[in-house]
Amino acid sequence: ANIVRRDDNLHPEGEFQKRPDGTWAPGERASVVKRDDNLRPEGDFHKRPDQTWAPGERANVVRRDDNLRPEGDFSKRPDQKWAPGERANIVKRDDNLHPEGEFQKRPDGTWAPGERANIVRRDDNLQPEGDFAKRPDAKWAPGERANVIKRDDNLHPEGEFTKRPDGTWAPGERANVIRRDDNLRPEGDFHKRPDQKWAPGERANIVKRDDNLHPEGEFQKRPDGTWAPGERANIV
């Protein structure tokens with residue numbers, strides 16, 4: 001169905017007030033106040049004495065004489081030249097098994113489809129006789145519900161019940177608060193923070209840049225349509 005848009009009877013009147021163009025300016029920062037320090041060093045500081053570098057002293061190396069000495073000549077391994085090793089000769093024994101006669105190989109055969117046994121269906125000697133008794137047609141009916149039987153109770157209370165006695169509200173007892181005397185008392189005058197008056201902060205002006213994108217030409221809007229009932233499929 002076509003969309004129908006009704007005319008709007010609400011229209012803006014007058015001129016809209018936009019935010020004034022402002023230039024950016026840095027905010028104001030409170031001045032830094034540095035208090036005088038009443039702690040000052042007195043006298044001279046003892047610093048580390050100046051030292052000049054010098055190499056450390058190392059103990060002299062003492063080498064003791066050795067009383068173990070080899071005597072005579074050493075016999076070393078004689079020099080040898082490489083030579084290929086010897087390999088035993090290969091001996092092949094004669095075989096005393098020999099085939100006799102001719103070998104029979106598989107005969108060449110052509111492909112043929114296999115034979116399938118014929119299907120034999122035996123006669124059935126079981127036949128139903130008479131009429132089959134089917135389930136009778138039944139109509140729905142509400143089920144029967146057993147009657148509720150309430151048995152008598154053979155337990156009965158005897159005498160009177162003792163209930164909680166009625167009591168009136170009274171505040172609880174609280175131990176007396178004991179405040180000890182304080183032996184710490186401030187002396188002299190306290191320096192408190194000076195009274196300040198509230199003043200609104202300064203906010204940087206908002207700068208809106210001009211837009212260099214402008215629409216050109218005419219805009220195509222949706223055509224006005226009249227309402228009509230939708231089409232409904234036929235009921236089959």
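Of the 236 residues in the protein chain of this predicted model, 0% count as buried. Burial here would require a relative accessible area under 20%. The accessible surface of the chain comes to about 32000 Å², and carbon and sulfur atoms account for 48% of that area.

The secondary structure assignment is equally brief to report: the protein chain has zero helices and zero strands.

The overall dimensions can be set against those of a globule. For 236 residues, a compact globule would have a radius of gyration near 18 Å, whereas the protein chain has 62 Å. Along the principal axes, the C-alpha trace spans about 140 × 130 × 100 Å.

Charge is the remaining topic. The protein chain carries 46 positive and 48 negative charges, and the mean positions of these two sets are 2 Å apart. On the surface, Lys18, Arg19, Arg203 and Lys208 form a positive patch. A residue can join such a patch only with over 30% relative accessible area. Arg203 meets this cut-off because its relative accessible area is 73%, a value that makes Arg203 exposed.

Technical notes:
Residues are numbered from 1 along each chain as its sequence is written. This is a predicted model: local features need pLDDT of at least 70, side-chain atom pairs count only at pLDDT 80 or more; totals for chains, interfaces and linings use all residues. Side-chain values use heavy atoms; hydrogens and water are left out. Helices (H or I, at least four residues) and strands (E, at least two) are DSSP runs, numbered from the N terminus. The radius of gyration is taken over C-alpha atoms; the globule rule is 2.2 Å times the number of residues to the power 0.38. Buried means under 20% relative accessible area, exposed over 50%, partly exposed in between (1.4 Å probe, protein chains only). Accessible areas come from the Shrake-Rupley method with a 1.4 Å probe; for residues, only the protein chains shown count as cover. Lys and Arg count as positive and Asp and Glu as negative; His and the chain ends are not counted. The place of a charge is taken as NZ of Lys, CZ of Arg, CG of Asp or CD of Glu. Patches are made of residues with over 30% relative accessible area and no salt bridge: like charges are joined within 9 Å, nonpolar side chains (Val, Leu, Ile, Met, Phe, Trp, Tyr) within 5 Å. A salt bridge is a side-chain nitrogen of Lys or Arg within 4 Å of a carboxyl oxygen of Asp or Glu.
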